Amino acid sequence: MARKVDPTSFMYLIDIQQDGIEDTARAFKQDVSDERLKVRCIVADLSDEKSVKELNSSIFKDDLDPSIFSHIILVHNAGATGFTEKHARELNDIESIQKYFLLNLNSAILLTSGFLQHFHNKSDIRKTVAQMTSYAAIYPQQSLHLYGAVKAGRDMFFRVMALEEPDVKFLAFNPGNVDTNMYREGYGSHYAMFRPMLEKVEKQPYFLTPQQAAGALVKTIEEDKYESAVTVNSYDVLGIKVDF
């Protein structure tokens, strides 16, 4: 995305780990090679209520002048598979479940609210809100009980918001099978039944690198050919056939 944006853009990166976002910020700077690109790194725990409130108030402040922007983009990519070592019947810790929903669902709702309220009166700005969805939102899979629930919940929430906010383009982007730590933790760590599937997927052309998936997302937003709130699959964007 850094290669596509105007060099005078602002980019806000949010992560629970300082090192991770600083590495990403340096990569952005190297790609753009323009000192005018402003990248702000924000450390926040999206599973903590106080942290989410502080984050919302610190990003959307009065000194972030809406008039200087032509296109604003909010991408929800934070998440976790959550308790894949347990069956659904074993989910009996209310505090852990609440923190999980805050990370994966509630924080996205609150940040989107703050984002749209800050830019609400600027009809001349192109507005895009993208969130990562998953096949787990549609197809039930053992051990992905909470993960599937929050993905389905986010999909429906943003479909409703799309009806209420016709001047905002909402995107549910399914990156597919991507070689990330979360993917391996979700499918490979706890249940032996998933390991043969993981080994098969790794050998397929549809097992994507993070760069491929991110490129498909950027292309989708840039071309802007999708209907608001529909699901776009990275495989369709990249022209990759899948056997499932």
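Analyst: In what follows, a residue is called buried when its relative accessible area is under 20%, exposed when that area is over 50%, and partly exposed in between. The structure discussed here is a predicted model.

User: Does serine 51 count as buried or exposed?

Analyst: Serine 51 has its place in helix 2, and leaving aside neighbours within four places in sequence, this serine is in contact with Ala44 and Asp45. Its relative accessibility is 15%, and because the cut-off for burial is under 20%, serine 51 counts as buried.

User: On which side of helix 2 do its buried residues lie, the same side or opposite sides?

Analyst: Helix 2 runs over residues 49-59, and its buried residues are Ser51, Val52, Leu55, Asn56 and Ile59. They cover an arc of only 135 degrees around the axis, so they lie on the same side.

User: Which elements do the buried residues of helix 2 pack against?

Analyst: The face turned away from the buried side of helix 2 carries the exposed residues Glu49, Lys50 and Lys53, so the packing has to be sought with the buried residues, which by the cut-off have under 20% relative accessible area. Those buried residues pack against strand 1 (10-15), strand 2 (38-43) and helix 3 (94-118).

User: At the start of helix 2, which backbone nitrogen does a side-chain oxygen of aspartate 48 reach?

Analyst: The contact joins a side chain to the backbone, and a side-chain oxygen of aspartate 48 supplies one end of it. That oxygen comes to within 3.3 Å of its partner, which is the backbone nitrogen of lysine 50.

User: By about how much of a helical turn are glutamate 49 and lysine 53 separated?

Analyst: The side chains of glutamate 49 and lysine 53 meet in a salt bridge, with N to O at 3.2 Å, and both residues are exposed. An α-helix has 3.6 residues a turn, so residues three or four places apart point the same way. Because glutamate 49 and lysine 53 are four residues apart in helix 2, their separation is about one helical turn.

User: How many residues apart are lysine 127 and aspartate 167?

Analyst: The side chains of lysine 127 and aspartate 167 meet in a salt bridge at 3.2 Å, N to O. This pair links distant parts of the chain, since lysine 127 is in strand 4 (residues 126-132) and aspartate 167 is in the loop between helix 4 (145-164) and strand 5 (168-174), the two being apart by 40 residues.

User: Which of the two, lysine 127 or aspartate 167, is buried, and which is partly exposed?

Analyst: Lysine 127 has a relative accessibility of 3%, so the residue that counts as buried is lysine 127. With a relative accessible area of 41%, the partly exposed residue is aspartate 167.

User: Which residue is linked in a network of salt bridges with Lys169 and Asp224?

Analyst: Lysine 169 forms a salt bridge with aspartate 224, the closest N and O atoms being 2.6 Å apart. Lysine 169 lies in strand 5 and aspartate 224 in the loop between helix 7 (210-223) and strand 6 (231-233), so the pair ties together parts that are 55 residues apart in sequence. Lysine 169 counts as buried at 19% relative accessibility, whereas aspartate 224 is partly exposed at 31%. The residue that is linked with Lys169 and Asp224 in a network of salt bridges is Arg126.

User: How many salt bridges does the structure hold?

Analyst: Side chains of opposite charge can pair when their charged atoms come close. The salt bridges of this structure include the one between glutamate 49 and lysine 53, and their number is five.

User: How far apart in space are leucine 64 and histidine 87, C-alpha to C-alpha?

Analyst: Leucine 64 is in the loop between helix 2 and strand 3, and this leucine is buried with a relative accessible area of 7%. Not counting residues up to four places away in sequence, leucine 64 touches Tyr12, Ile59, Phe69, His118 and Phe119. Leucine 64 and histidine 87 are 23 residues apart in sequence, and their distance in space is 45 Å.

User: What relative accessible area does serine 234 have?

Analyst: Serine 234 is found in helix 8 (residues 234-238). Leaving aside neighbours within four places in sequence, serine 234 is in contact with Phe173, Asn174, Pro175, Gly176, Leu208 and Ala216. Serine 234 is buried, and its relative accessible area is 0%.

Key:
Residues are numbered from 1 along each chain as its sequence is written. This is a predicted model: local features need pLDDT of at least 70, side-chain atom pairs count only at pLDDT 80 or more; totals for chains, interfaces and linings use all residues. Side-chain values use heavy atoms; hydrogens and water are left out. Buried means under 20% relative accessible area, exposed over 50%, partly exposed in between (1.4 Å probe, protein chains only). The arc is that of the directions from the helix axis to the C-beta atoms. Contact means heavy atoms within 4.5 Å. A polar contact is a pair of N or O atoms within 3.5 Å; within protein, one must be able to donate a hydrogen and the other to accept it, and residues adjacent in sequence count only if both atoms are side-chain atoms. A salt bridge is a side-chain nitrogen of Lys or Arg within 4 Å of a carboxyl oxygen of Asp or Glu.
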